[in-house]
Amino acid sequence: ISLMLAMLDPERAEIRYAAAGHGGFVLRADGSVQELPPTGPVLGVVESVYELGPTVTLEPGDTFALVTDG
């Protein structure tokens, strides 16, 4: 099972996340794409500790996108 837990701080326009198997993307207003890689393997395969990924700062016009293969 893949999973992403993301915490949005709307006052700071920041996202912190942990992701098992699938990450996400930030589609920047300037047309660039920032990949948010998974922070660990899919759930249930091996015993794992999932660390928080780096803080991601959003700018006006940016879009936070999550994807699935299901």
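Two strands pair if DSSP finds at least two bridges between them. In this predicted model, that criterion applies to S2 and strand S5 (residues 56–57), which pair in the antiparallel sense over two bridges. Within this pairing, Glu14 has Thr57 of S5 as its bridge partner.

**Strand S2 and its other neighbour**

Strand S2, spanning residues 14–20, is mostly covered, with five of its seven residues buried. S2 also pairs with strand S1 (residues 3–9), again in the antiparallel sense, and here the pairing runs over seven bridges. One of the residues involved is Leu3, whose bridge partner in S2 is Ala20.

The hairpin of S1 and S2 has four residues between the strands, and Ala13 takes a positive phi in this hairpin. Ala13 belongs to the loop between S1 and S2, and its phi is near 55°, a positive value in a residue other than glycine. As general background, most residues other than glycine have a negative phi.

**Accessibility of three residues**

The table sets out the relative accessible area of three residues, Ala13, Leu3 and Val33, together with the class assigned to each.

| Residue | Relative accessible area | Class |
|---|---|---|
| Ala13 | Ala13: 25% | Ala13: partly exposed |
| Leu3 | Leu3: 46% | Leu3: partly exposed |
| Val33 | Val33: 53% | Val33: exposed |

Why does Val33 count as exposed? Val33 has a relative accessibility of 53%, and the exposed class begins over 50%. Leu3, at 46%, counts as partly exposed, because that class lies between the buried limit of 20% and the exposed limit of 50%. Ala13, at 25%, is likewise partly exposed.

**Leu3 and the surface patch**

Leu3 lies in strand S1, and in addition to its bridge with Ala20 it takes part in a nonpolar patch on the surface, which it forms with Ile1 and Leu43. Together, these three residues have about 300 Å² of accessible area.

**Surroundings of Val33**

Val33 lies in strand S4, which covers residues 33–36. Which residues does Val33 touch, not counting residues up to four places away in sequence? With that exclusion, Val33 touches Phe25, Val26 and Leu27. Val33 and Thr63 are 30 residues apart along the chain, and their C-alpha atoms are separated by 9.6 Å.

Key
Residues are numbered from 1 along each chain as its sequence is written. This is a predicted model: local features need pLDDT of at least 70, side-chain atom pairs count only at pLDDT 80 or more; totals for chains, interfaces and linings use all residues. Side-chain values use heavy atoms; hydrogens and water are left out. Buried means under 20% relative accessible area, exposed over 50%, partly exposed in between (1.4 Å probe, protein chains only). Contact means heavy atoms within 4.5 Å. Patches are made of residues with over 30% relative accessible area and no salt bridge: like charges are joined within 9 Å, nonpolar side chains (Val, Leu, Ile, Met, Phe, Trp, Tyr) within 5 Å. Accessible areas come from the Shrake-Rupley method with a 1.4 Å probe; for residues, only the protein chains shown count as cover. A salt bridge is a side-chain nitrogen of Lys or Arg within 4 Å of a carboxyl oxygen of Asp or Glu.
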